[in-house]
Amino acid sequence: MGRTDRLIRLIVAVIGGLLVYFNVVSGTLAYIFLALASIFILTGLVGFCPLYALFGMNTCGPKRKE
């Protein structure tokens, strides 16, 4: 997972968490937002997304030759 992808995931997770915290979103949708935020934080910090591996996706830039 590339740096940009990781950063976007973390930003989206924080925004989702803030929406729930400030009661902009409530009820079942709030639980969905919290679950997605948790997944985004975990995958953003670890740098690995199981769905990317399953579908063969790669958001890393090209590898540099040394």
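This passage walks through a few side chains and the contacts they make in a predicted model.

A good place to begin is aspartate 5, a residue of helix 1. With a relative accessible area of 13%, aspartate 5 falls under the 20% limit and therefore counts as buried. Leaving aside residues up to four places away in sequence, aspartate 5 touches Tyr52 and Thr59. The link to tyrosine 52 includes a polar contact between the two side chains, at 2.9 Å.

Aspartate 5 also has a partner within its own helix. The count of salt bridges comes to 1, and aspartate 5 forms a salt bridge with arginine 9, where the closest N and O atoms are 3.3 Å apart. How far apart are aspartate 5 and arginine 9 in helix 1? They are separated by 4 residues, about one turn of the helix. Both aspartate 5 and arginine 9 are buried.

Arginine 9 brings the story back to tyrosine 52, since a second kind of arrangement is found there. Arginine 9 lies over the face of tyrosine 52, at 5.2 Å from the ring centre. Tyrosine 52 thus appears twice in this picture, in a polar contact with the side chain of aspartate 5 and beneath arginine 9, which lies over its face.

Arginine 9 is also one of the residues touched by threonine 43. Threonine 43 has its place in helix 2, which covers residues 28-46. Is threonine 43 buried or exposed? Its relative accessible area is 7%, which is under 20%, so threonine 43 is buried. Besides Arg9, threonine 43 touches Met1, Phe48, Cys49 and Pro50, again not counting residues up to four places away in sequence.

Arginine 3 gives a view of an exposed position. Arginine 3 is found in helix 1, which spans residues 3-21. The relative accessible area of arginine 3 is 76%, and because this is over 50%, the residue is exposed. Arginine 3 and threonine 59 are 56 residues apart along the chain, yet their C-alpha atoms are separated by 8.4 Å. Threonine 59 has already been met here, as a residue touched by aspartate 5.

The last feature concerns aromatic rings. Such a pair is described by the distance of the centres and the angle of the planes. The count comes to 1 aromatic pair, formed by tyrosine 21 and phenylalanine 22 in an edge-to-face arrangement, 5.0 Å centre to centre with 80 degrees between the planes. Tyrosine 21 counts as exposed at 64% relative accessibility, and phenylalanine 22 counts as exposed at 58%.

How values were computed: Residues numbered from 1 in each chain as written. Predicted model: local features only at pLDDT ≥ 70, side-chain atom pairs only at ≥ 80, totals over all residues. Heavy atoms only, no water. Helix = DSSP H or I, 4+ residues; strand = E, 2+ residues; numbered from the N terminus. Buried < 20%, exposed > 50% of the residue type's maximum accessible area, 1.4 Å probe, protein only. Phe/Tyr/Trp six-rings, centres within 6.5 Å; stacked < 30°, edge-to-face > 60°. Lys NZ or Arg CZ within 6 Å of the ring centre and 35° of its normal. Polar contact = N/O pair within 3.5 Å; in protein donor to acceptor, adjacent residues only side chain to side chain. Contact = heavy atoms within 4.5 Å. Salt bridge = Lys/Arg side-chain N within 4 Å of Asp/Glu carboxyl O.
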